[in-house]
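Trainee: Please take me closely through a single part of this model, and then place that part among its surroundings.

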Amino acid sequence: MPRNDHSGVTESAGAVTVRWLAMSAPDDHQPGRPLPSDVLVRQVAASDCAPLASELYRRVGTPWQWTDRQHWTVDEWRAAVDRPGVELWTLSVGGSLAGYFQLHASDDDVEIKYFGLLPEWIGRGLGGGLLSRAVDRAWELTPVRVTLNTCSLDHPAALANYLARGFRVIRSAARDEGA
C-alpha cells in the first residue's frame, strides 16, 4: 500500500480517501493469526534492498495503483532505502516470495511505509500475521508510536486488518484528481 500521496490517481467517483493510522503503545497491538510453519519472514541485507524494494513495490502495488515510484531508477531506490532507519522485510512461503513490509524509523515514530502481499498470495490468511510481524518489529525499535497510512484504492480488507491489529484512524481526507 502506498505510504505517500496519490496525486493524479482517482477512483471512479473522482476522489481517493486517505487515512492516517497510529498505534501509541505496544499493548495496543492485537496480533493476527500466527503464520504457518513453512513461512519465513526475514530482513533483507542492505546490499539487496534497492532492487528488491523496486520489484516488490511494482508487484505488490500495481493492482492498487501505486504509481508514484514506478518510474524510479535503481539509484533512486538506493537513495530511498539504503539509509539509516529503513528496513525491508520479506515474507516467503515454502521458498516462494509472498509479500513484504518496509519500515522507516525517524525521531519518535516508526512508519510502516509499505506493506502487502503479492497478488497470488492474497486471501490465504497471511496478511494479519505479516502485519503483526511488522508491528512487533516496529515496536522493537522503541518509538513513541507506530504509524501507517492507507487509501480507498488499497485492498478492501486492508483497513479492517489495520484496525483489527490495534491501529486507530487519526486523520482522514478526500483527495480529488490532481490534488
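Mentor: Two strands are said to pair if DSSP finds at least two bridges between them. With that in mind, I shall begin with the pairing of strands E3 and E4; the model is a predicted one.

Strand E3 covers residues 86–93 and strand E4 covers residues 96–106; the two run antiparallel and are joined by 8 bridges. Within this pairing, Trp89 has Phe101 of E4 standing opposite. The two strands form a hairpin, with 2 residues between them. In the turn of that hairpin, Gly94 has a positive phi of about 55 degrees.

Strand E4 also has a partner on its C-terminal side in sequence, namely strand E5 (residues 109–117), and the pairing of E4 with E5 is again antiparallel, over 8 bridges. Here Tyr100 is the residue that stands opposite Gly116 of E5. E4 and E5 likewise form a hairpin with 2 residues between the strands. Asp107, found in the loop between E4 and E5, has a positive phi of about 40 degrees although it is not a glycine. Is Asp107 buried or exposed? Its relative accessible area is 82%, so Asp107 counts as exposed.

Thr142 may be set beside Asp107. Thr142 lies in the loop between helix H3 (127–140) and strand E6 (145–151). Phi of Thr142 is positive, near 55 degrees, and Thr142 too is a residue other than glycine. With a relative accessible area of 67%, Thr142 is exposed.

Returning to strand E3, consider Glu87, which lies in that strand. Is this acidic residue buried or exposed? The cut-off for buried is under 20% relative accessible area; Glu87 has 10%, and it is therefore buried. Which partners does the side chain of Glu87 have in polar contacts? One is the side chain of Trp89, at 2.9 Å, and another is the side chain of Arg137, at 2.6 Å. Trp89 thus appears twice in this account: it stands opposite Phe101, and its side chain meets that of Glu87. Beyond its neighbours within four places in sequence, Glu87 is in contact with Gln43, Phe101, Gln102, Leu103, Arg137 and Leu141.

Leu91 leads from this part to the nonpolar interior. The largest nonpolar core has 46 residues, and Leu91, Ile112 and Phe167 are the members that touch the most others. Helix H1 (residues 46–61) gives the most to this core, with 7 residues. Residues up to four places away in sequence aside, Leu91 touches Leu35, Val39, Leu40, Val41, Ser96, Leu97, Ala98, Gly99, Leu117, Leu126 and Leu130. A second core, separate from the one just described, has 5 residues, among them Val16, Val18, Trp20 and Cys151. As general background, nonpolar side chains in soluble globular proteins tend to be buried together.

Ile112 and Phe167 also meet at another residue, Thr147, which is found in strand E6. Its relative accessibility is 12%, so Thr147 counts as buried. Apart from neighbours within four places in sequence, Thr147 is in contact with Leu21, Ala22, Asp109, Val110, Glu111, Ile112 and Phe167.

Helix H1, the leading contributor to the largest core, has a helical neighbour of its own. H1 packs against helix H2 (residues 74–81) at an angle of about 105 degrees, and their axes are 8 Å apart. Angles of 65 to 115 degrees count as roughly perpendicular, and H1 and H2 are therefore roughly perpendicular to each other. Which residues make the contact? H1 supplies Cys49, Ala50, Ala53, Ser54 and Tyr57, while H2 supplies Val74, Trp77, Arg78 and Val81.

The loop between H1 and H2 contains Gln70. Gln70 is partly exposed, with a relative accessible area of 34%. Not counting residues up to four places away in sequence, Gln70 touches Tyr57, Arg58 and Thr62; its side chain and that of Thr62 are joined by a polar contact of 3.3 Å. Tyr57 accordingly has a place both in the contact of H1 with H2 and among the residues that Gln70 touches. The C-alpha atom of Gln70 is separated by 26 Å from that of Val135, which is 65 residues apart from Gln70 along the chain.

Technical notes. Residues are numbered from 1 along each chain as its sequence is written. This is a predicted model: local features need pLDDT of at least 70, side-chain atom pairs count only at pLDDT 80 or more; totals for chains, interfaces and linings use all residues. Side-chain values use heavy atoms; hydrogens and water are left out. A nonpolar core is a set of buried Ala, Val, Leu, Ile, Met, Phe, Trp, Tyr and Cys residues joined through side-chain atoms within 4.5 Å. Buried means under 20% relative accessible area, exposed over 50%, partly exposed in between (1.4 Å probe, protein chains only). Helices (H or I, at least four residues) and strands (E, at least two) are DSSP runs, numbered from the N terminus. Contact means heavy atoms within 4.5 Å. A polar contact is a pair of N or O atoms within 3.5 Å; within protein, one must be able to donate a hydrogen and the other to accept it, and residues adjacent in sequence count only if both atoms are side-chain atoms. Axes are lines fitted to C-alpha atoms, for helices over the stretch in contact, and angles run from 0 to 180 degrees between N-to-C directions. Angles under 35 degrees count as roughly parallel, over 145 as roughly antiparallel, 65 to 115 as roughly perpendicular and the rest as oblique.
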